[in-house]
Structure formats: C-alpha cells, structure tokens
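Visitor: Could you take me closely through the place where the two chains meet, and then follow the charged pairs from there into the rest of the structure? I would like the cut-offs stated as you go.

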Amino acid sequence: MKKRALPSYFWLGLLLLYGYTFTIMILEMNVPGMTYSLTVGGAPLSFFYNGFVGVVVMNVFLSWLWSYMPEQDDKKKAASEGGVK
Amino acid sequence: MGANPIVVIAAIVYFLIIIGIGYTTRKASADPMDYYVAGRKIGPVVNGAALAAAYFSPASFLGMPAFIFLMGYPFWWVLSSIIAGLPLASMLTAAPMRRYAPVSFTDYYADRYDSPKLMRILAGIPTMMSGWAYIVLSIVGTGLFMMAILQVSYPVAVVLAAVVIMFYVFMGGMVATTFSSAFQGVLMTLASLVVAFVILGHYGGFGGLSEAVYANNPNFWLMPGASATGAFSHPIMGYWTGIVGAYFVWHFGFSMMPYTVVRFFTTMDIKSARRSVYWAVLFGGPMYWGLLVAGTAARVTLENLHPLMGGEVTNAVQLLAAIKANFGIGGAAVTDYSYIALVESLGNPWVLGILVAGGLAISMATAAAWVMVLNVLIGRDFMGKCAGNTWAINNPVKALRFWTVIIMVFCTIFAFNPLALVLDLSGWAFIVIICTTGIPMMGGLWWRKANTTATIATICVFFPLSLYTWLYAKNVLGSPHWFFASKMIWPDGFRGLPALPTLHQVWLIPAAAIFFVVVSLFTKPNSDEVLQKYCDDLH
C-alpha cells in the first residue's frame, strides 16, 4: 500500500486557517468601514476576529491539533504492532 | 531624561540571571553533544519558550509595532500570519527532523542530497549571510534597549550587549542558549502583555483606544480597496497584493529557518518536538497580541503624551527622528524606537523596566540562537567535515568557542554604525533562506522526487536572484516592497500607486518552489536507499 505523506487532519487544519483568514480579508476589502465601524460592546469587532482569534486562538488550536493527533496515531501504530507480535 | 533607578535595577537583575545561566551551564563544554544540541534532553515547555524567544527577533519586538505605526490596520494580518506559521512546523519539520536527529543544520542536506561536502557549502552560504544580518540586527536591537535603560551612548550599549551574549554562548553553548532563551521567552511575553494592558487601561479599553486612533488618523483602519475615495493606510497597503504578500513573507519562516529548526534537534523525543511548537504558540501568541495593541496605540500616544513633543517636533515621525539624532543610532530606521518611545510616553518606570527586560531578552535570544547555528556551521561543518581540519575535529568545543568569538566581534563591528542596508537586509535574509534552503528541506522531507540537481540549481539561481531583485527594487523603486519589474511593465505606475506592492519580493517563494519542482521532475532522483532513509522513514 502506498504510504500517505501527510494525514487528512493536516489538510483540514490548513483549510480552516487559510479559509478563515482569506474569507475575512476579502470581506474587509469589500465592506467599507468593516474594520472600524462593526463593533461589539463599543470595540471594533476586528480586535476579536483578527487580534484575538487570528493571532492567538486559531493558532493555539492548530498547534494542539497537530501535536495531539499524531500522538494518537503513534499510539494506534504501537498498539497494532504490539498486537502483531 | 536621566536613567530611572527602577529601570536600571530591572536590567541589572536580568543581566545577572543571564550571566548566571551562562556560568552554571559551563560544564556543557565537557561533552560536545551537550554543547551542540544540549544533549537532546530538553522538554517541551522549556524548548517551546526557547523557540519563541529565538524566533521572535528585535524585528518582531521593535519592528511589528513600528510597521503597524506606519502601515496601520492591514499589518495586523502579518502578526496573525507569523504566529500561524508556527503550528505548520509541528508536522512539517519538527517531528521528521527530530526523528532524523542531526547535529548541524546542514547535515540533512548532506545526507538527503547525497553530497557531503558540496551540500554543506551550498546550504551554508545563504545561512551565513542570513545569520550575519540577523546577528547585527539583534545586537542593534539590544543596543537600543540598553540605551533606553542606561541613557548611555549607542556604541557603549552595543559593546555591553555583545559581551554579555558572547559570554553565555561561549560558556554553555546550546545548553546555556536553551535555558537563557526559555527564561527570555517568558520575560518577553510578560513584558508585551503588561505594556498592552497598561495601554488599554490608559484609553479605557478597546473602544477608547480605537476611537483615539481614528481621531488621530482615520486612514489607519483602511484595508486595500475598502475606501470609496481610493484612500489607503499606506501606499504599500494600497492594493491587495501588498497585504497578501505581507501575509506570506514571514509565514513559513518558523518551519524552515536554521535558528528554529536546530531547536528541534535538542528535544528529548519526537513528542516533545511537536509539543514544543504548541508551547511556542502559547508564549508567542499572547506576546504578538500585546505588540498589536502597542503598535495600534503608538502614533496617537506619542503625539499626545511624549515629553519631547512640542516646539519644532509636531508629529510622531519627527519625534522619533529627534530621538534617533540625539542617541546617534546610525542607519537604524526612525520607527525602530517607536515601541520604547511609546512606553516612555506612558511615564511609568515599572512598565519601562519590564519592557526593557523583555526587549533585551528577545534581542539576545535571537543573536545567541544564530551564533549557535553559525559556530556549528563553520567550526564543525566547514572546518571539520569539509576541510578535514584535525584541530577542529579533535577539539570540537574549542572550535565552536573560537568561532563564537570571531562571529560576535565581526557582527559587533557592523552593529556600531549599522548601515541601513544591513538592517534592511534582514527582510531579504528571511526570503533568501526560504527560497534557497527552505524549499529543498521541505521537499526533501516530504517528496521523493526532490533531488540533488534541483537543490543545487535552486540555491545557485535564487541566492543571487533574490539579492539582485531585492536590491534593484530598493535602489531603483525606492523600496524592496515594490515588485522589482514594475517600472519595466508599468512605466507610469500601477493603478495610482508608484508600483505593484509585493512585500520584500515575496513572489520569490512560489517562484523558487515551482522552479524546484520542475527541475526535480526532469532530473535524476536520488537512490532508493537515500530516499528510504531520509524521506520515507522520517514520516
């Protein structure tokens, strides 16, 4: 069987990252005033979706995903190799 | 303004801790593997903090707030992109490179591309150029923060900074660099967050800050194309290529830059290598959030609160130029002092003290990380592996210590009166690594068809090409942020802009990737044995 280089959760994570980023960028370029006038609690929403989610939350999630899932793969692999023995 | 005792004490405590780490780790010199890769005993939290501190150079701590100061809201996306580049490394390079477990950055090229001497030299040349620019930049950054602390002249600050960095790298090699960087990683994050919360407190929260920024400069908030009148926050952000280019300039660096990749060699196992990326994000993400808040507040705060405003100084740029002239900072950009000046404006010595400690931390960690890459490259790879020098082979730690001193002295000479070009070159230094050694590394790890011919061709073509196009754009168009061929294609400018914005000639990254793929497809692959060992088995 041909070995797959990178697992599906890697590509799904990339889709989430770039999908989120470029969807918002395109909206910001086409909705005048979106970065400043769209507010929540008096503060521009851009502080949340870009400053907080884009800079911190998204990346903490992806780095967790891409360290946790390979560890689970390693455990499954070790278990199956143990079973064969 | 005189030196504040609180700020001076904060700096002295910081220096004592760093010197102490250097002294207590001196036993690393007894074992070359400790000196090279910290004995591969480092856990994920320490390595994560060290990764963050090493990767985020003064270009981050000084440069990011300065770029937001200049280019406004669109530059927020760059901070997002840089942090988003960290998780990519978890699977792409951290795990496979730790599985491979080399000693030097060039080991992988020598083995995967089956050419022990040629590959070390070819991969080593762009690495040396990039390292030189980064170390100079980092010494300059450390000097700027020392100047803010002690109110001493710039040359004195540079010497003090260089001596301390040289001391702890010399004493403990990678062990000292790892533990000092981990401490520095915690400190820089703390500093950035403290400054951000003080700023938000000053303006009464995000709403108050955004209103103050809008009142000062409404164009700050403009994305390319978002204004019906064609206004923009900065000409480089005048068209979508500017922001998309800016997004990708630094995005892939964490996975490919020598001074971060070597940190994966030091972890105790593959799991720790992956987890250290998670911890690097936990330290780096909040730090960048703090820088984003500081950069947003910089101009309005300087213009309203800085004690030197008034008289002939009527805006923030004039203020920074006056500070630069007072201290004699040579070719450093005026905006490089914007973050420090912002905190000076807040008038709180405790906050300035912690900012200075954080700034020293980030600058010194980057310089030390690069010195470790270069001393192994020259002392072990060039002298030992390529030239077969018996002294370097028989005395590995002495060879590395010798080159530590030479590298630091050489770079300090450039840092005394930094040519603008040297500091500017740090942008090119990033691009050149990705498009010369970065793509063959990634290709070699994940693609069986990646081969020696393509690697040689990519390095030989894109090393001079990236430098030429970057210098051409800078000298002919006035900035490396314009597409180098703009004048030839659009003699009258591009859609109202002087040229097409492409930050730091970022187009070179996809161009090099396509070139590498095409050459690999049409030339002979490496042997099955090599591909099995250095590609398949590393996944």
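Guide: What follows starts at the contact between the chains, moves to the salt bridges, and ends with some buried and exposed positions.

This is a predicted model, in which local features need pLDDT of at least 70 and side-chain atom pairs count only at pLDDT 80 or more, while totals for chains, interfaces and linings use all residues. Residues are numbered from 1 along each chain as its sequence is written, chains are lettered from A and ligands numbered from 1 in the order in which they are written, and side-chain values use heavy atoms, with hydrogens and water left out.

The contact (heavy atoms within 4.5 Å) draws 40 residues from chain A and 45 residues from chain B. The size of an interface is often given as the accessible area lost when the parts come together. Here chain A and chain B bury about 3,800 Å² between them, 72% of it on carbon and sulfur atoms, where buried area is the accessible area (1.4 Å probe) that two parts lose on being put together, summed over both. Of the area that chain A buries against chain B, 19% is supplied by Met29(A), Tyr36(A) and Phe47(A), more than by any other three residues.

Across this interface there are 9 residue pairs in polar contact, both residues being at pLDDT 80 or more; a polar contact is a pair of N or O atoms within 3.5 Å, and within protein one must be able to donate a hydrogen and the other to accept it, with residues adjacent in sequence counting only if both atoms are side-chain atoms. The elements giving two or more residues to the side of chain A that touches chain B are α1 (8-30), α2 (34-37), β2 (43-44) and α3 (46-84) of chain A, with helices (H or I, at least four residues) and strands (E, at least two) taken as DSSP runs numbered from the N terminus. Among these, α3(A) gives the most, with 19 residues. By class, this side of chain A has 26 nonpolar, 10 polar and 4 charged residues, where Ala, Val, Leu, Ile, Met, Phe, Trp, Tyr, Cys and Pro count as nonpolar, Asp, Glu, Lys and Arg as charged, and the others, Gly among them, as polar.

Side chains of opposite charge can pair when their charged atoms come close. A salt bridge here is a side-chain nitrogen of Lys or Arg within 4 Å of a carboxyl oxygen of Asp or Glu, and the whole structure has 9 of them over all chains. Arg275(B) lies in helix α14 of chain B and Glu71(A) in helix α3 of chain A, so their pair joins two chains. Between chain A and chain B the count is 2 salt bridges. In the pair of Arg275(B) and Glu71(A), the closest N and O atoms are 2.7 Å apart; Glu71(A) is buried at 8% relative accessibility, whereas Arg275(B) is partly exposed at 35% (buried means under 20% relative accessible area, exposed over 50%, partly exposed in between, with a 1.4 Å probe and protein chains only). Asp74(A) forms a salt bridge with Arg274(B), the closest N and O atoms being 3.5 Å apart. Since Asp74(A) lies in helix α3 of chain A and Arg274(B) in helix α14 of chain B, this pair also joins two chains. In this pair Asp74(A) is partly exposed at 33%, while Arg274(B) is buried at 6%.

Within chain B, Arg448(B) and Asp536(B) meet in a salt bridge at 3.1 Å, N to O. Arg448(B) lies in the loop between α20 (420-446) and α21 (452-477) and Asp536(B) in the segment after α24 (528-534), so the pair ties together parts that are 88 residues apart in sequence. Salt bridges that share partners also join Asp107(B), Arg120(B), Arg380(B) and Asp381(B) into one network.

Helix α14 of chain B (residues 270-305) also holds Thr296(B), which is buried, with a relative accessible area of 2%. The side chain of Thr296(B) reaches the backbone oxygen of Leu292(B) at 2.7 Å. Leaving aside neighbours within four places in sequence, Thr296(B) is in contact with residues including Trp76(B) and Phe220(B). By contrast, Lys487(B), in helix α22 (residues 486-489) of chain B, is partly exposed at 48%.
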